[in-house]
Amino acid sequence: MRAIPDGFLIPDFGGASQAPAAAASTDGAPTAYAGPRKMALICSKGNLDMAYPGLILGNAAAGEGIETHIFFTFWGLDIINKKTNDKLKFTMLGNTAMHMAELGYLRPGLEHVSMPQAMGQLPGMTAIATRMMKKQMADLDIPDVPEFLDLLQAAGVHMYACRLSFDMMKLLEADLHPGVEGVISAADFIEISAGAQTIFI
Amino acid sequence: MPINTIDGHTFTVNDEGFLTDRAGGSEDLAAILADLIGIDDLTEQHWAPLRFMRTDSATTGVTPTLRRMQTVGGFDIKELFLLFPGKPAKKLAYLAGLPKPVGCV
């Protein structure tokens with residue numbers, strides 16, 4: 001590797017993935033974590049719209065050269081369970097931020113109006129909303145959930161299933177996506193995520 | 001804008017260091033820059049995704065993301081991570097003489 005010449009401006013390809021060095025403590029008190037940057041994501045929800053944030057952030061972190069761990073717990077296990085992860089659903093219910101860009105073509109401004117909650121209870125509405133969200137994602141070339149897990153695995157993201165929820169839901173290890181490295185306890189994950197920036201979703 | 005000079009190549013870069021003029025990128029320059037970012041030898045395996053990146057962005061106008069490298073270019077993500085370790089998308093864009101990709105996935 002050649003040294004970078006003086007005055008040569010080069011993008012940061014490594015330094016940024018390091019946590020800033022903690023200021024040396026003068027009184028012998030423990031200093032902040034100063035190792036390489038690390039991220040830990042906890043995915044606890046199994047709705048389609050709640051599956052994506054963790055997957056997208058995990059993929060972005062890996063692409064930035066950051067050591068990334070994802071812990072799937074409770075309903076989040078549906079994301080890594082091969083029996084369910086291609087059938088995650090999106091519901092309008094309980095989501096007051098439900099807008100449809102297409103309604104703006106009917107009348108300008110309508111695209112910003114929150115849809116009535118009662119609509120979400122109509123039979124078939126969840127299926128329609130799910131189909132629509134999947135299409136919108138596919139239009140942006142965002143992979144579906146099973147394929148996203150393949151992507152994360154290829155990018156070197158470490159994935160784990162939560163032991164307690166796994167037992168509670170009576171899952172089988174054979175049903176887990178092959179990228180999942182193991183079924184681990186909460187304490188194991190706390191150890192693994194030492195020094196990581198942790199995000200709960 | 002800052003101007004970088006190396007081995008007779010002179011090119012402008014943005015405030016992050018990415019090349020601003022797509023015409024400024026060349027294979028000769030890519031080999032020099034690769035050496036600066038820790039890729040000692042650009043093999044044919046490196047050149048294939050780099051060339052795809054340039055031809056693809058010439059038609060779309062934006063730098064392809066890793067996902068697009070996979071779906072449209074047919075490259076293996078795992079291999080790209082091995083070839084361009086750390087930040088593959090940014091390293092690829094840099095060597096291809098393109099802006100960094102802006103897509104999320």
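These exercises, each with a worked solution, walk through the predicted model shown above.

Residues are numbered from 1 along each chain as its sequence is written, and chains are lettered from A in the order in which they are written. Since the model is predicted, local features need pLDDT of at least 70 and side-chain atom pairs count only at pLDDT 80 or more, while totals for chains, interfaces and linings use all residues.

**Exercise 1. The layout of chain A**

Task: Find how many helices and strands chain A has, and in what order they run.

Solution:
- Step 1. Start with the terms: helices (H or I, at least four residues) and strands (E, at least two) are DSSP runs, numbered from the N terminus.
- Step 2. Count them: chain A has 6 helices and 5 strands.
- Step 3. Read from the N terminus, and the order is β-α-β-α-α-α-β-α-β-α-β.
- Step 4. Look at burial. A residue is buried if 20 or more other C-beta atoms lie within 10 Å of its own, exposed if 12 or fewer, and partly exposed in between, with C-beta atoms placed from the backbone. Of the 201 residues of chain A, 26% are buried.

**Exercise 2. Two domains and their contact**

Task: Work out which elements of domain 1 of chain A touch domain 2.

Solution:
- Step 1. Set the bounds, which come from an automatic or database domain assignment: domain 1 is 37–86 + 144–201 and domain 2 is 92–143.
- Step 2. Take the C-alpha centres of the two domains, which are 27 Å apart.
- Step 3. Count contacts, where two residues qualify if their C-beta atoms, placed from the backbone, lie within 7 Å. Here 6 residues of domain 1 meet 4 residues of domain 2.
- Step 4. Name the elements: on the domain 1 side, helix H1 (48–63) and helix H4 (145–154) of chain A give two or more residues. H4(A) gives the most, with 3 residues.
- Step 5. Sort by class. Ala, Val, Leu, Ile, Met, Phe, Trp, Tyr, Cys and Pro count as nonpolar, Asp, Glu, Lys and Arg as charged, and the others, Gly among them, as polar. This side of domain 1 has 3 nonpolar, no polar and 3 charged residues.

**Exercise 3. Where chain A meets chain B**

Task: Describe the chain A side of the contact with chain B.

Solution:
- Step 1. Count both sides: 23 residues come from chain A and 28 residues from chain B.
- Step 2. Find the contributors: H1 and H4 of chain A each supply at least two residues, and H1(A) has the largest share, 4 residues.
- Step 3. Sort the chain A side by class, which gives 14 nonpolar, 6 polar and 3 charged residues.

**Exercise 4. An enclosed strand**

Task: Explain why strand S3 (residues 158–162) of chain A is described as largely enclosed.

Solution:
- Step 1. Check burial: 4 of the 5 residues of S3(A) are buried, so the strand is largely enclosed by the rest of the structure.
- Step 2. Find its partners, given that two strands pair if DSSP finds at least two bridges between them. Strand S2 (residues 67–72) of chain A pairs with S3(A) in the parallel sense over 4 bridges, and 4 bridges also join S3(A) to strand S4 (residues 180–184), again running parallel.
- Step 3. Pick out single pairs: A:His69 has A:His158 as its bridge partner in S3(A), and A:Met159 stands opposite A:Val180 in S4(A).

**Exercise 5. The two faces of a helix in chain B**

Task: Decide how the buried residues are placed around helix H2 (residues 44–60) of chain B.

Solution:
- Step 1. Size the helix: H2(B) has 17 residues and reaches 24 Å from its first C-alpha to its last, close to the 24 Å expected at 1.5 Å a residue. The expected span is 1.5 Å times one less than the number of residues.
- Step 2. List the buried residues of H2(B): B:His46, B:Pro49, B:Leu50, B:Met53 and B:Ser57.
- Step 3. Place them: they cover an arc of only 100° around the axis (using the directions from the helix axis to the C-beta atoms), which puts them on the same side of H2(B).
- Step 4. Recall the general pattern: an α-helix has 3.6 residues a turn, so residues three or four places apart point the same way.
- Step 5. Turn the helix over: the face away from the buried side carries the exposed residues B:Glu44, B:Gln45, B:Thr55, B:Ala58 and B:Thr59.
- Step 6. See what covers the buried residues, which includes helix H1 (27–36), helix H3 (66–71), helix H4 (77–83) and helix H5 (88–96) of chain B.
- Step 7. Step past the end: just after H2(B), B:Gly61 takes a positive phi of about 90°.
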